[in-house]
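Work through the exercises below with the coordinates open, and try each task before reading its solution.

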Amino acid sequence: MALIHVVDDDADHLAALCDLLQARGYAVAGFASAESAYACAATPDLVLSDLRMPGWDGLDLLGHLRARHPDLAVVLLTGHGDVPQAVRAMRLGAEDFLEKPYDGAHLIAVVERALRNAETRAEVARLRHELTRRSEATLLGQSAAIQALRARIAALAPLAIDIVVSGETGTGKELVARAIHDSSSRHGGPFVVINCAALPEALFEIEMFGHVAGAFPGAGDKPGKLEAATGGTLVLDEIEAMPHAVQGKFLRALEERGVVRLGENHLRPLDLRLIALTRADLRSLTLDGTFRPELYFRIAGSGIQMPPLRETGQDIPLIFTHFVAEAARRAARPVPTIDYALRQRLMRRPWPGNMRELRAVAERFVLDIEQPDLAAAPPISQETLAERVAAFEAREIRSTLERCRGNTERAAQVLGMARRTLNDKIHRYGIRVE
């Protein structure tokens, strides 16, 4: 039962308002002055106050209440000539105002709307607090980059919007997606992850949209990943690798929030949140036609940029220590000592593989495969810059071709280059395409 404080220096009007609200089932307390209402120890869910009163007026009361309870809903009652003042009050944080004389049913509608808005704000605040508490346990560190990441997640998790999480390989994009899901209103629903680069193109549409019996020889009824994510969150890892031919159908499913299985014409409703993970610049991919612009603008409701590990500074030894403790527990080994010299070398290492590389080094350290002195930064290369760039490019192309199972069209999409350019580089570096 919501508690409403009614403030009015007119005793008859105060009694009538209290009676009306009590008849609707609210708990009501009446006050003849703003000062007495402010002095009350009980915290109401809503304050309904006259604007013009002796002593503190409605604006004074609003200012004092907002200083004490920033999210408290305050509705003001105004005379005809006080409307400009009431508009000013709303700019100062009032929830709404009612102009006298007013209809009782309209007053109740305003009160109910104000209470709903206050409840929504309280739920958002609760979710953000919960997310902050959880993220401190899962997103380790106190660097400016990590704290900014936590704040960004806390701001976006409660909102009903799709999100693009971008960043280098190994920065923990899926971990962030899980944190958003766990701290949203969908936390009780499914969390479905699809790696677009690992899924064979021939099976992509079937896996995403599902099929019905008879759609092709031997086919039975099978829901796709979109249906499997209904009520929860769908995570598309490396979304830039989604086949171009499928992007249009996927866009339609998102816009209609419904999916048509292969072999039928019936639209099945969807209720999901999309979180797209990418290491590419999706906007730039729309310029050369490898990623549909309309799909990009549909999914890019808001974005999170993951900081690379090298930008977290003093957090690197902390995260390394966490990974070492995990690895020691799994291997049933004692936790080895991490001395000052090793911590310094950890912070100097560039970590191109980010968290994934750091975890691998921690595991090898626990198993005594990689000694502490091997964790230092690599020696200065004697190769020229052009030679090092070419070697890095060749490694990236080989790795991407392996993930895309030799499909050069999809590899070109992932790498953000034209297929002809990729083929030229494959020939130049002597890369074998299986």
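**Exercise 1: The nonpolar cores**

Identify the residues that touch the most other members of the largest nonpolar core, and then find the helix that gives the most to this core.

Solution. In this predicted model, the largest nonpolar core holds 45 residues, and those touching the most other members are Leu226, Leu234, Leu236, Met242, Phe250 and Ile299. Turning to the helices, α10, which covers residues 244–256, gives the most to this core, with five residues. A second core of 22 residues is separate from it, and Leu17, Leu21, Val75 and Leu107 are among its members.

**Exercise 2: Around one leucine**

List the contacts of leucine 236, leaving aside neighbours within four places in sequence.

Solution. With contact taken as heavy atoms within 4.5 Å, leucine 236 meets Ile194, Cys196 and Met208, then Met242 and Phe250, and finally the run Leu274, Ile275, Ala276 and Leu277.

**Exercise 3: Overall form**

Determine how the radius of gyration of the protein compares with the value from the globule rule.

Solution. Begin with the secondary structure, which comprises 18 helices and 14 strands. For 434 residues the globule rule gives 22 Å, whereas the radius of gyration is 29 Å, well over that value, so the protein is more spread out than a compact globule. Next, the C-alpha trace spans about 90 × 65 × 40 Å along its principal axes. Finally, 44% of the 434 residues count as buried, and among contacts between residues at least 6 apart in sequence, 69% join residues at least 24 apart.

Methods
Residues numbered from 1 in each chain as written. Predicted model: local features only at pLDDT ≥ 70, side-chain atom pairs only at ≥ 80, totals over all residues. Heavy atoms only, no water. Helix = DSSP H or I, 4+ residues; strand = E, 2+ residues; numbered from the N terminus. Rg over C-alpha atoms; globule rule 2.2 N^0.38 Å. Buried < 20%, exposed > 50% of the residue type's maximum accessible area, 1.4 Å probe, protein only. Core = buried A, V, L, I, M, F, W, Y, C linked by side-chain atoms within 4.5 Å.
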